[in-house]
Amino acid sequence: MTETTIDSDKLPAAVEAFVLRWGDLGGQWGVNRSVAQIQALLLLSDRPLTAEEISEKLGMARSNVSNSIKELLNWKLVMRVPVLGDRRDHYVAETDMWQMASKVAQGRKEREIDPMVAAIRTAMEGIDDPKISPEVRQRLHGMHDFINTVESWYNQMIHVPPQQLMRLIGLGGKVVGLLKFVSRKDKAETEDG
């Protein structure tokens, strides 16, 4: 067994509740519970922590902590930082929510979207094969168009400054209303023309 229960005396109740809930959410997002709990602990820590401290605070086996930290380092959600007078590795979490979201989006894109894009592009290279039915050909074209649109959007959005993205997100319903208005206008022009 690699985990034990958290000792309530070691963490404030609110921090413990957040760490436990973030761990549960991690499981729903496809992330190991220990990885998510360590990230949560570091997010709410007011100082860098060593792997030993993390292990002690979360009641996790040291090997589990080491493996989880490696994964967080690979995602660039945790960084190693030096602490004067201490030779051990210390860790801090990325606390900027935009940076965190960007790193997760980039990591997911590389692990999940890019292989799908490559598979569809490879399939499109053989699209003229007479053994492929028109229906399948149409589906491949649809997937290819969708993936290219999403990939283009992602590549544009990743370069938009966070302040502008927040304004765009804040417009939410207004943007949807504008799109409905434009759609109705386009439909009316098509019917008149």
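## Helix α6

The expected span of a helix is 1.5 Å times one less than its number of residues. With that in hand, let's look at α6 in this predicted model: the helix has 24 residues and reaches 34 Å from its first C-alpha to its last, close to the 34 Å expected at 1.5 Å a residue.

Which residues of α6 are buried? They are L140, H144, I147, E151, Y154 and M157. The cover over these buried residues includes α5 and α7 (162-192).

## Helix α5 and its kink

Helix α5 spans residues 97-125, 29 residues in total, and its first and last C-alpha atoms are 40 Å apart, close to the expected 42 Å. Follow the helix along and you will meet a kink of about 45°, centred on K109. At the N-terminal end, D96 acts as a cap, with a side-chain oxygen 2.9 Å from the backbone nitrogen of W98.

K109 is also one of the buried residues of α5, together with M100, K103, G107, V117, I120 and M124. Among the elements covering them are α1 (13-28), α2 (33-43), α4 (62-75) and α6 (134-157).

## Two nonpolar cores

The largest nonpolar core holds 26 residues, and I38, L42, I54 and L58 touch the most other members. Two or more residues come from each of α1, α2, α3 (51-58), α4 and β3 (86-93). The biggest contribution is from α2, which gives 7 residues.

I54 makes a good place to zoom in: beyond its neighbours within four places in sequence, I54 is in contact with I38, L41, L42, L49, G59, V65 and I69. Apart from this core lies another, of 6 residues, including I120, I127, L140 and I147.

Technical notes
Residues numbered from 1 in each chain as written. Predicted model: local features only at pLDDT ≥ 70, side-chain atom pairs only at ≥ 80, totals over all residues. Heavy atoms only, no water. Helix = DSSP H or I, 4+ residues; strand = E, 2+ residues; numbered from the N terminus. Bend = angle between axes of the 7 residues up to and from the residue. Buried < 20%, exposed > 50% of the residue type's maximum accessible area, 1.4 Å probe, protein only. Contact = heavy atoms within 4.5 Å. Polar contact = N/O pair within 3.5 Å; in protein donor to acceptor, adjacent residues only side chain to side chain. Core = buried A, V, L, I, M, F, W, Y, C linked by side-chain atoms within 4.5 Å.
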